[in-house]
Amino acid sequence: MTVEYVRTDEDAPPVGVIEKPRWTPARIVVWAAIGVVAGLGWVMIAFVRGEETSASWFVAAAVGSYLLAYRFYAKFIQWKICKPDVTRATPAEINDNGRDFTPTDRRVLFGHHFAAISGAGPLVGPVLAAQMGYLPGTLWIVFGVILAGGVQDYMVLYFSTRRNGRSLGQMARDELGTVGGIIASIGIILIMVILIAVLGVVIINALAESPWGVFSIAMTIPIALFMGVYMRFLRPGAVVETSVIGVVLLILAIVAGGWVNYDPVWSEFFHLDRSTLAWCLMIYGFLAAVLPVWVLLAPRDYLSTFMKIGTILLLAVGIVVVNPTVQMPAVTEFAFNSDGPAFAGSLFPFLFITIACGALSGFHALISSGTTPKLVEKESQIRMIGYGGMIMESFVAIMALVAAVSLDKGIYFAMNAAEPLTGGTAQGAADFINNSLGMSGVETNAAELEQAAKDVGEESIISRTGGAPTLALGMAHILHQLPGFGGQAAMSFWYHFAVMFEALFILTTIDAGTRVARFMLSDLLGNFVKRFRDPSWTVGAWMTTFIMVAAWGSILLMGVTDPLGGINTLFPLFGISNQLLAAIALAVVFAIVCKSGYAKYAWIPGIPLAADLAVTMTASWQKIFSSDPKLGYWAQHFAYRDAVNAGETSLGNTEGAEAMNAVVRNTFVQGTLSIVFAVVVVLVVVMALWVSYKAVAGSTVTSSEEPHTPTTYFAPASFIATKAEKEVEAQWDEYRREKGLTKPGVGGH
Amino acid sequence: MSTTASRRTDPAVPTGAVGADGGVTGALRLVLRAVLRTLRGLHWYLKEVMGENAYLHYLESYRRRHGTDEGAMGAREFWKDLTDEQDRNPKARCC
């Protein structure tokens, strides 16, 4: 081990410790053992398979691979491109204002960053992808994060930190020029609209016709209002206390949901159909975006963070302790054809589209630029926060996948086949699965499906598409087996607990997303009407909020009333838009790498960029040009339009003139959006490649980095401080005591 | 000046008295101490991640920049300002 100490001030202790560890035999043995465990996990799930594949092999394969990737690949990226300069002050140190810019303990920032990037995406995508079997999804989640998702989050965070925490849109403008920047900004707004709408469809599918679910989610609004008032006027700053009260009330609301469910009058009152719920969601979204943050948004955010951390830990414990046996085969027929009931399309490209968050999520680039970089203490910590945070998210996706594939296959497909296929009844679903699912080895009957619904206190679980109900059932299936968690009798509680947990995520994304989108729109409109830039102009705020809610609301309504099953047609658009955002982020990163003279290593963002483009462009192409009406929006559009024009009132599973017209309208919107998304991204990528080419061909090295400011600060690089780092920290404590200085940075060591 | 603040946010500073019970053996005392330290660490982490210590950190930062507490916002004012700031500057939550 060689240790080098770096100083910016000869009289002060070192600001950096550069350690070059030697490969001692013990170290080699440890890493070899991690490799063996990971390898064994992969062999067990990929080749041995058998009837008794248990969840622990998934954990071994995933965690082992994560450790290797973090230690070797992320370090390689750090070594070649994201070179941390220990003498360089970060934006947090330079602009410290004790608020949005402030050096934050690396472990705390890791938690903040993870809480901000993780949402419902990594939970529902893998559940839908489970129709292809567990293996394709597992491989993509683990290797996707290693080669694509982690790389994107890490590099965006690094480059944004070097640029004073500038946002992705601003970086695009800096690197690609004004036109490129504006196109990228429009793309970002459109993508947010579709994300919010599809998440809305997901949650409405979980709540429709479920009095228990609707009641307990509705109760989160008065609970949040109470928390808001409590924190504003009674106990300002008592965040944990308020959140604990909120969670207790939340659990009461879930319990009370059971009473509502079994009460004939109240259950009727909370028994709402999809369209009504969609309208409720729009009204809620509008109010949440125009009301002051303290009333609703801030308390909900606390609640959602608390539940997120708690439930994810709980699920991890559940999977390790219960160690459920996997029911789904490694690979199913639906990996090779486009007949899967949960979503249409074959493995390439649609597996990679369906599992976006958890493997590669463009949305993270919006957090990795703008928010997190303003809080980083030291550049050397970016690998841990950016790459490490994404690994955590990937693990959440693996857990969701495990929860889904350990469910009974019959139940899984009964829940995830859209209503036109099952007719919405247990008998219809059983007939569909036994006779026309198109996958061997799946059998069920109506009694079994009815019992499964009864177990979780629902009238029916048939055609509860969207992934959230399936995950809730999978989680209930695992959690109720934990010792002391109530056994079979508690299944219904855990099911609704899981629905609540997902709904909280999604509602937080919807209200925060609407607000952010409204600001983006004001900014864009401000180019033409200056007054829109004034945040205190209430009419403007209401107008822009209304436009954004109308935009996602109309897609939401379209999704929940879609005669073909909204998730089946809309989810691919959700995945495509998220992956296209990733393409924009990776293209910007690619351009920066080339412009800063690292073209030799441009393959590091280049590989995920190329793969992502191949996936999204193929998917877009198929969605736009495929002649298979199951797959192509336009093929479907023309098939239905011709039928309507010929005076027919039914086609395939669609019955009635109104439904026929709805399909014609929906496929037109979906087809148009597909084209717009693809064109926007192609434009951004072409511009990025052009500036990269110019930089490489002209051998010009330009930089939009902020100038170097020497740091007067030290902090360890990774989760656990090394011996040398602890010594330097002690020197700093001593030095500050002597000089009577306050320690910069937040809490802890 | 910052001793109170750093004490309250620092898991490594032992504040409880564990060693007073003479009946338990040294080993047990060590275990107890480790458990307490872990619990305290978890509590610290929870408070930090949830943002409960935001005001303390604001004060630390203010002292660093101005060398005094004078002119800094009071706790109530700070928490009010914190949420009001989000009205003007919303943060995205991911999907």
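# Working chat: chains A and B

Biologist: Which phi does A:G597 take, just after helix 23 of chain A?

Modeller: A positive one, about 90 degrees, and A:G597 comes just after helix 23 of chain A. Bear in mind that this is a predicted model.

Biologist: How far apart are the end C-alpha atoms of helix 23?

Modeller: They are 43 Å apart. Helix 23 runs over residues 566-595, and its 30 residues should span 44 Å at 1.5 Å a residue, so the two values agree.

Biologist: How many residues of helix 23 of chain A are buried?

Modeller: 30 of the 30, so helix 23 of chain A is largely enclosed by the rest of the structure.

Biologist: On to cores. Which residues have the most contacts inside the largest nonpolar core?

Modeller: A:L471, A:I584, A:A587, A:V588 and A:V684. That core has 249 residues. Its largest share is 22 residues, and they come from helix 7 of chain A, residues 168-207.

Biologist: What does A:A587 touch, leaving out residues up to four places away in sequence?

Modeller: A:L609, A:V684, A:V685 and A:A688. There is also a second, separate core of nine residues. A:V15, A:F714, A:A715 and A:V728 are among them.

Biologist: Why might nonpolar residues end up together like that?

Modeller: As a general tendency in soluble globular proteins, nonpolar side chains are buried together.

Biologist: Step back. How many helices and strands are in chain A?

Modeller: 27 helices and four strands. Chain A has a radius of gyration of 26 Å, close to the 27 Å from the globule rule for 749 residues, so chain A is as compact as a globular protein of that length. Its C-alpha atoms fill a box of roughly 85 × 60 × 60 Å along the principal axes.

Biologist: What share of chain A counts as buried?

Modeller: 57% of the 749 residues. As for contacts in chain A between residues at least 6 apart in sequence, 80% join residues at least 24 apart.

Biologist: Got a pair that shows this? How far apart are the C-alpha atoms of A:F76 and A:I604?

Modeller: 9.8 Å, with their positions 528 residues apart along the chain. A:F76 sits in helix 2 of chain A, residues 55-80. A:F76 counts as partly exposed because it has 13 C-beta neighbours inside 10 Å.

Biologist: And helix 1 of chain A: which residues there are buried?

Modeller: Helix 1 covers residues 25-48, and its buried residues include A:A38, A:G41, A:W42 and A:I45. The buried residues of helix 1 pack against helix 2 and helix 6 (134-162) of chain A. Just after helix 1, A:R49 takes a positive phi of about 45 degrees.

Biologist: Odd backbone next. Where is A:S463, and where is A:E209?

Modeller: A:S463 lies in the loop between helix 19 (446-455) and helix 20 (468-479) of chain A. A:E209 is in the loop between helix 7 and helix 8 (211-234) of chain A. A:S463 has a positive phi of about 55 degrees, though not a glycine. A:E209 also has a positive phi of about 55 degrees and is not a glycine.

Biologist: Is A:S463 buried or exposed?

Modeller: A:S463 is buried, with 26 other C-beta atoms within 10 Å. A:E209 counts as partly exposed, with 18 C-beta neighbours inside 10 Å.

Biologist: Is the peptide bond from A:F348 to A:P349 cis or trans?

Modeller: Cis, with omega near 5 degrees. A:P349 is in helix 13 of chain A, residues 347-354.

Biologist: Chain B now. What pattern does it follow along the sequence?

Modeller: α-α-α-α. That is four helices and zero strands. Of its 95 residues, 26% count as buried.

Biologist: How many residues of chain B are in contact with chain A?

Modeller: 39 residues of chain B, facing 52 residues of chain A. Helix 1 (3-9), helix 2 (26-50), helix 3 (54-66) and helix 4 (75-88) of chain B each supply at least two residues of that side. Helix 3 gives the most, with nine residues. On the chain B side, 17 are nonpolar, nine polar and 13 charged.

Biologist: Which element of chain B has the lowest mean pLDDT?

Modeller: Helix 1 of chain B, at 40, while helix 2 of chain B has the highest, at 93. Over residues 1-20 of chain B, pLDDT stays under 50. Chain B averages 79, and 75% of its residues score at least 70.

Biologist: What ipTM does the model score?

Modeller: ipTM is 0.87, and pTM is 0.93.

Notes. Residues numbered from 1 in each chain as written. Chains lettered and ligands numbered in written order. Contact = placed C-beta atoms within 7 Å. Nonpolar A, V, L, I, M, F, W, Y, C, P; charged D, E, K, R; others polar. Core = buried A, V, L, I, M, F, W, Y, C linked by C-beta atoms within 7 Å. Buried ≥ 20, exposed ≤ 12 C-beta atoms within 10 Å, placed from the backbone. Expected span 1.5 Å × (residues − 1). Rg over C-alpha atoms; globule rule 2.2 N^0.38 Å. pLDDT = per-residue confidence, 0-100.
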